Amino acid sequence: MDEYVGIPTSHPQSYHSFMFQHLFQHVDIPPSQIHIPSLENYQEYDDTIARYGGIELFLCGVGSDGHIAFNEPGSSLSSKTRIKTLTRETIVANARFFNGDVEAVPKSAVTVGVKTVADAREVVLIADGRGKAEAVKQAVEGSVNHIWTVTALQMHPRFVMAVDEAATEELKVKTVKYFKDIERSQSDNQLELKPKPKPKL
Ligand SMILES: N[C@@H]1[C@@H](O)[C@H](O)[C@@H](COP(=O)(O)O)O[C@@H]1O
């Protein structure tokens, strides 16, 4: 979905390295079918997606300031793949991957746009830990706006958020209860839908 500008793709903290280490080297995928945004391809990136029939699933995280990919606060909700300057908050948050050295964190990145993400047929977002609680609150209870770009996904017909307890800490109690009720009633329904075993004759 995104890549830093200013470090080589071979850098251990590049998103290219991350994807190869955690996914591509473990699966049987031809290199010609791997497409990661970069300075070389970002201008054609959305056209390439369209040529392949669109994205089936975007699996993403969220920044503590509510960014998806690197769509920092203030990104247009109709944005496509482009270069974005990173906020101070993101640079400080990502310093943990650069031995805590804020100066070593790149200052900009190539990123898919908010619309690139929203155009996928399905979006799954994982948010864990207290540091994501404000972003989760905005995503669920806030109104759609370009400061918390994650809120754009409220408009998506197939958007699922997977969160842990800590990430729900800024939500209203009644919001959390409501979603737990939904979860419970869905698992009850699934039990009811299971075919009853045939009585033995
Ligand atoms: N550009 C990435 C985002 O795509 C990611 O969503 C975010 C949160 O990542 P994590 O869930 O690992 O904290 O980090 C970076 O800023």
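Helices and strands here are DSSP runs, numbered from the N terminus, with at least four residues for a helix and at least two for a strand. With that in hand, the pattern along the sequence reads β-α-α-β-β-α-β-α-β-α-β-α.

**Start with the whole thing**

What you have open is a predicted model. Colour it by confidence before anything else: the protein averages a pLDDT of 95, and 100% of the residues score at least 70. For the complex, the predictor gives an ipTM of 0.94 and a pTM of 0.91.

Now zoom out. The C-alpha atoms of the protein fill a box of roughly 70 × 40 × 35 Å along the principal axes. Inside it you can pick out six helices and six strands. Of the 201 residues, 26% count as buried.

**Next, select the sheet**

Select S2 (residues 57–60), S5 (residues 122–127) and S6 (159–163). Together these make an open sheet of three strands, in the order S2-S5-S6, with parallel pairing. S2 and S6 stand at the edges with a single partner strand each, so one side of each has no neighbour in the sheet. On average, neighbouring strands of this sheet are turned by 10° against each other, ignoring direction.

If you're wondering what holds such strands side by side, strands of a sheet pair through backbone hydrogen bonds, either parallel or antiparallel.

How many bridges join S2 to S5? Four, and the two strands run parallel. To see one of the pairings, select Leu-59 together with its bridge partner in S5, Val-124. On the other side of S5, the parallel pairing with S6 runs over five bridges. There, select Ala-127 and look across to Val-163 in S6, which stands opposite.

**Show the side chains of S2**

Which residues of S2 point to the buried face? Phe-58 and Cys-60 do, while Leu-57 and Leu-59 point to the other face and are not buried. Turn the strand in your viewer and you can follow this alternation from residue to residue.

**Follow Cys-60 to the ligand**

Keep Cys-60 selected, as this residue is also one of those around the ligand. Add the others: Met-1, Asp-2, Gly-61, Val-62, Gly-63, Ala-69, Phe-70 and Thr-90. By type, this shell divides into five nonpolar residues, three polar and one charged.

**Two loop residues with a positive phi**

Most residues other than glycine have a negative phi. Here are two stops that go the other way.

Stay with Ala-69, from the ligand shell. Its phi is near 50°, a positive value in a residue other than glycine. Ala-69 lies in the loop between S2 and strand S3 (82–85). Is Ala-69 buried or exposed? The cut-off for buried is 20 or more other C-beta atoms within 10 Å, and Ala-69 has 28 C-beta neighbours inside 10 Å, so it counts as buried.

Now jump to Asn-99, in the loop between helix H3 (88–94) and strand S4 (108–111). Asn-99 also has a positive phi, of about 55°, although it is not a glycine. Exposed means 12 or fewer such neighbours; Asn-99 has 8 inside 10 Å, and therefore counts as exposed.

**Finish on helix H6**

Last, select residues 173–193, which form helix H6. Put a distance line between its end C-alpha atoms: they are 30 Å apart. At 1.5 Å a residue, the 21 residues of H6 should span 30 Å, so the two values agree. How many of the 21 residues of H6 are buried? The count is zero, so to speak a helix that is hardly covered.

Conventions: Residues numbered from 1 in each chain as written. Predicted model: local features only at pLDDT ≥ 70, side-chain atom pairs only at ≥ 80, totals over all residues. Pairing = 2+ DSSP bridges. Near = placed C-beta within 6 Å. Nonpolar A, V, L, I, M, F, W, Y, C, P; charged D, E, K, R; others polar. Expected span 1.5 Å × (residues − 1). pLDDT = per-residue confidence, 0-100. Axes fitted to C-alpha atoms, helices over the stretch in contact; angles between N-to-C directions.
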